[in-house]
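Student: Please take a close look at the salt bridges in this model, and then place them among the surface patch, the pocket and the cavity.

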Amino acid sequence: MSPSFEQGDRLLVVSGWFYRPGDVVAVRDPRDRSRILVKRVASSGRDGIFVVGDNPAASTDSRVFGAVPRRLVMGRVVYRYAPAERAGRVKRGARSRRRG
């Protein structure tokens, strides 16, 4: 599956506390907090949220760095405003299951 987002996309992110499986979220990379990752929520728990990429074969996600602590979640991605030809509302994806 190809990625839903590409480097350079401009996204509107809304902060919140509750994230459901399928939501697209922006998180600070737990290994390098200067990097921002855009991933899909697979599951949510007390330890944080488990995120996966849309292209698992080429994605660095919770399978590598574990659950993302809630303090590193910037918010849910709701809209892509650039590039103009791909602008539009970001919809929730199909529910994912945590893979261990």
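Tutor: The salt bridges come first, followed by the patch, the pocket and the cavity.

This is a predicted model, in which local features need pLDDT of at least 70, side-chain atom pairs count only at pLDDT 80 or more, and totals for chains, interfaces and linings use all residues. Residues are numbered from 1 along each chain as its sequence is written, and side-chain values use heavy atoms, with hydrogens and water left out.

Side chains of opposite charge can pair when their charged atoms come close. Here a salt bridge is a side-chain nitrogen of Lys or Arg within 4 Å of a carboxyl oxygen of Asp or Glu. The structure holds 7 salt bridges. One of them joins E6 to R86, with the closest N and O atoms 3.6 Å apart. This pair links distant parts of the chain: E6 sits in the segment before strand 1, R86 in the loop between strand 5 and strand 6 (88-89), and 80 residues separate them. Strands (E, at least two residues) and helices (H or I, at least four) are DSSP runs, numbered from the N terminus. Another salt bridge pairs D9 with R80, the closest N and O atoms being 2.7 Å apart. D9 lies in the segment before strand 1 and R80 in strand 5, so this pair ties together parts that are 71 residues apart in sequence. E6, D9, R80 and R86 are linked in a network of salt bridges.

Accessibility sorts the members of these pairs: buried means under 20% relative accessible area, exposed over 50%, and partly exposed in between (1.4 Å probe, protein chains only). Both D9 and R80 are buried. R86 counts as partly exposed because its relative accessibility is 28%. A further salt bridge runs between D29 and R31, where the closest N and O atoms are 2.7 Å apart. D29 has 1% relative accessibility and therefore counts as buried, while R31, at 48%, counts as partly exposed.

Next is the patch. L12, V14, Y79 and Y81 make a nonpolar surface patch of about 380 Å². Strand 1 (10-14) and strand 5 (73-82) are the elements that give two or more residues to this patch. Patches are made of residues with over 30% relative accessible area and no salt bridge; nonpolar side chains (Val, Leu, Ile, Met, Phe, Trp, Tyr) are joined within 5 Å, like charges within 9 Å. The areas come from the Shrake-Rupley method with a 1.4 Å probe.

Pockets and cavities are found on a 1 Å grid over the protein atoms alone: a 1.4 Å probe fits in a cavity but cannot get out, whereas a pocket is an open set with protein on both sides within 12 Å along at least five of seven lines, and lining residues have an atom within 4 Å of a point. The largest pocket holds about 590 Å³ of space. Of its 27 lining residues, F5, I36, L37, V38 and K39 are the closest to its centre. Strand 1, strand 2 (24-29) and strand 3 (32-45) each give two or more residues to the lining, and strand 3 gives the most, with 6.

The count of cavities of 30 Å³ or more comes to 1. The largest cavity has a volume of about 30 Å³, and its lining consists of G22, D23, V24, R76, V77, V90, K91 and R92.

Note on methods:
Grid points are joined across faces, edges and corners, and a volume is the space filled by probe spheres set on the points.
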